[in-house]
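Thanks, everyone, for making the time. I would like to take you through one model this morning, starting with the repeats and then turning to one strand and its neighbours.

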Amino acid sequence: MEPEVSYKLRCELIGHQEDVRSVAVGDLGIVTSSRDTTIKIWAEDSPTSYSLVHTLVGNTKYVGAVTYAAPGLLPDMPNGAIVSGSFDGVVMVWDVATAAPVHKLTGHEYQVTSVVVMPNGDIASASVDKSIRLWRGGKPAGTLLGHEGPVLCLAVTEDGQLLSGSGDATLRRWAGGSCTAVYKGHTDTVRGVAILPGVGFVSGSHDCSLRVWSGQAEVLAELLGHTAIIYSVAATAGGRIASGSEDNTVRLWDASGACLATIPHPGCVWAVAFTPAGDLVSGCSDAVARVWSSDEARQAPAEAAAAYDKMLEERKAAAAAASSAAAGGSGEAAAAAGGAEAAAAAAGLPPGVKIAEAFELAQPGGKDGETKIVREGDGSIAAYGWDAGACVWEKIGTVVDAPEPGSISSGRKYYLGREWDHVFDVEMDSGAKLKLALDAGENPYIVADRFLEQHELPAEFKEQIVKFIIDNTGAKGPAPSTADMPITGGFCDPFTGGSSSAAAEQRPPPYFGNVAGSGAAAAAFPMDVTGGGVDPFTGSSSSSSRAQQQQQQQQERQLPARAYMLFDAAPPPDALRRKLLEFSAQLADADDVPPDALIGEEEAAAGGPLDELLGGLAAAVAANPAAAAPFSEEALTLAGNLLRWPAAQLFPGLDVARCLALHPAAADALAAAAGSMSAPTLGGLSGALAAAAVSELAPALQTGLRLAANCFKADALRAWALANRELLLDGFAGCCAAGGSGASKGVRLSAATLLLNYAVAAAAGSPGGASSSSRVSAEGAMQLLSGLEELLTSLPVEESDAAQRALLALGTLVAAGGAEVAGVAGDLGMGAQAARWAGAGGKLGAVAQEVAALLR
């Protein structure tokens, strides 16, 4: 056994904008690849420093795999080459002298996870699609199949054969295009493999262990010590082993299993590699690669090491403080706060939300979709969104809290085009919100009937709703009638209608929307009146009986989501009319817009089709089919013409279509004229969404995504969205990536909502689900996972609404897809993303914890 060694910081390679996902070393220096889509080459320029030589730019997705080929190894690359694999399934070969791509190798269906160069000059690439592909001279040279899970790591043995590790928990040896050996022993995904010269090889796994293997498949040692997933493994000719883990450490080992050193990091360690001199390189989720050395001559000055240690301590303290706050440790401070903080607390807002004063709305917003939470003159709190096109702050809604039982809330609330004495925000377990609006003195039974019809809830919940109204407003209603009481006798979910009875299980879930405003990021800050497991209608809490405890646990579970989330706030008709007429005038001289696509004088006349169309949007989004008046043929023709406009002027038409998608008859008309995303139809949904997807304008992307999300309410549009899923999501894929086209808070929230709706459809079509006709294929599940992985890793931590929806989508997809989908999600590192929000508290923290548990 080696004596313990002391690896200390040599230098930091700072330049990437996001996680360093892979590192490689060679005679040119160090190569790093990142989630920021770039590859960087670093050259040693002193005993304690490296400098950036080249940045390779050309990938459209994050680069998760990289290796170096020395001069002469690839016949057509005399200067040597860098080979990379990216999230979009592409393998790139780069000339190190020019930093230019020479070959773009396509064929993998999903993310490329590992690349190596064989002694004969072939390139081997592994992918989540369960295959290994061979490439020679820029052309396909073969495919190796046999793994039953994603192939996640590769290595070349001393005798020139190929080793692979997979999500099926095995390693395989390949020679001559065939599998010659299978190595079993790990109990979970094999994520890393490295050759141990003179011994065999070493593998690292999601089971938190490393195993040292002989060439004859014998396990020589098991290395235990990591407390989370091991992502990468490296080894030296002298038998020293390094491993990088999600537990934020690198560990150094000898081949007998003894841990020689532990090097803490500020984040997940994705990659490790040894230099020829024996130094260690690590790639971390904080966007920094670091070089570590056991040679004192190559170690950084003491002050640099001290600064690194201080940074680690500060991050540790900040994490502890955040965890304490999430657990309620800041309650006393919040209670003592005054002014804006007190107003925020009174409105049910999370700690730290800034409350602006009304005069601040006199200043323009900085970007489209920016939101402000404003204290109105009457003391109420409202959310406003900046509409850059109209240059106005649009009121999204009033932030309402739940009044004390028996009291009347002060301040009237605006909802569905009018003011009410009470507007209660009731949050579903899935994260969708219901609004219950009423005036003081209204008969609770009449209100309950209206609420049931509006939200398509089963009639058996009438008495529960009546009791909720009485308890929360002090209203006096007639004595409850037993005639309308539910007779199932079992647990009934008040939101989804699910019950223990077979008939109730077959009932399709109702649709509920959120209060996102058109043209602005959704700024919903509802007061969750469920009380953490208390029935929001009956107010009953848990009892000591086992059955009732199980019922409460069912209510508290977030997964799987069963309801589609919709964007059902109608845009202000006057502002929308101004914008449409402005754009129509701009396009009058455009060569690519036919005259019949513009708004004519008769259409724009008072009481004409334009007024009919815009005036009917509020009713269209009201989720009340019986009260939804039909639109005339002229109005629907006008709506179709608005979808023929160029991308720069398209978003008002998309916003109109977003509302029409919620209207029963209009939705059928949209579906009939939608066309196919493979051959987009001008004036139909396919043409408009295809144009929006290639735009870099946030308003077009945001309204396009919200229109697509709203397609899930009506049967015909939902069938269209499912049939066109692959091309539709491919088109908007850039919205999920960090720095993607048009990336903004509103765009990311909209993308998360669309992915959630596809996941709900997948769950509805899974065994035991509501409808097999809604089934999303295995390929569809993989596409959704890819989009969710990119979105979750690009989301800023403060975008909790988008994070909650994305995690709901992930958890729902995993719950519906079973072990295979869970395995792929784990292989993509999505457990780490769930852990990122697990301490957030509230619904977000709860769903994050459930997802993390599913992926363990």
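If you look at residues 13-42, the C-alpha atoms at the two ends of the span lie 8 Å apart, and the span is 63% strand with 0% helix. Please keep in mind throughout that what we are looking at is a predicted model. The UniProt record, which is an unreviewed entry, places a "repeat: WD" feature at residues 13-42, and gives further ones including residues 82-104 and residues 223-254. For residues 223-254, the end C-alpha atoms are 9 Å apart, with 62% of the span in strand and 0% in helix.

Let me now move to strand E28, residues 288-293, which is mostly covered, with 6 of its 6 residues buried. Val288, Arg290 and Trp292 point one way from E28, while Ala289, Val291 and Ser293 point the other way, and the residues of both sets are buried, Arg290 included.

What does E28 pair with? Strand E1, residues 8-14, runs antiparallel to E28 and is joined to it by 6 bridges, and within that pairing Leu9 has Trp292 as its bridge partner. Strand E27, residues 280-284, also pairs with E28 in the antiparallel sense, here over 4 bridges, and in this case it is Leu280 that stands opposite Trp292. Trp292 of E28 is thus a partner of Leu9 and also stands opposite Leu280.

Finally, the connection between E27 and E28 is a hairpin with 3 residues between the strands, and in that turn Ala287 has a positive phi of about 75°.

Terms used:
Residues numbered from 1 in each chain as written. Predicted model: local features only at pLDDT ≥ 70, side-chain atom pairs only at ≥ 80, totals over all residues. Heavy atoms only, no water. UniProt positions renumbered as here; feature names shortened; annotations may be inferred. Buried < 20%, exposed > 50% of the residue type's maximum accessible area, 1.4 Å probe, protein only. Pairing = 2+ DSSP bridges.
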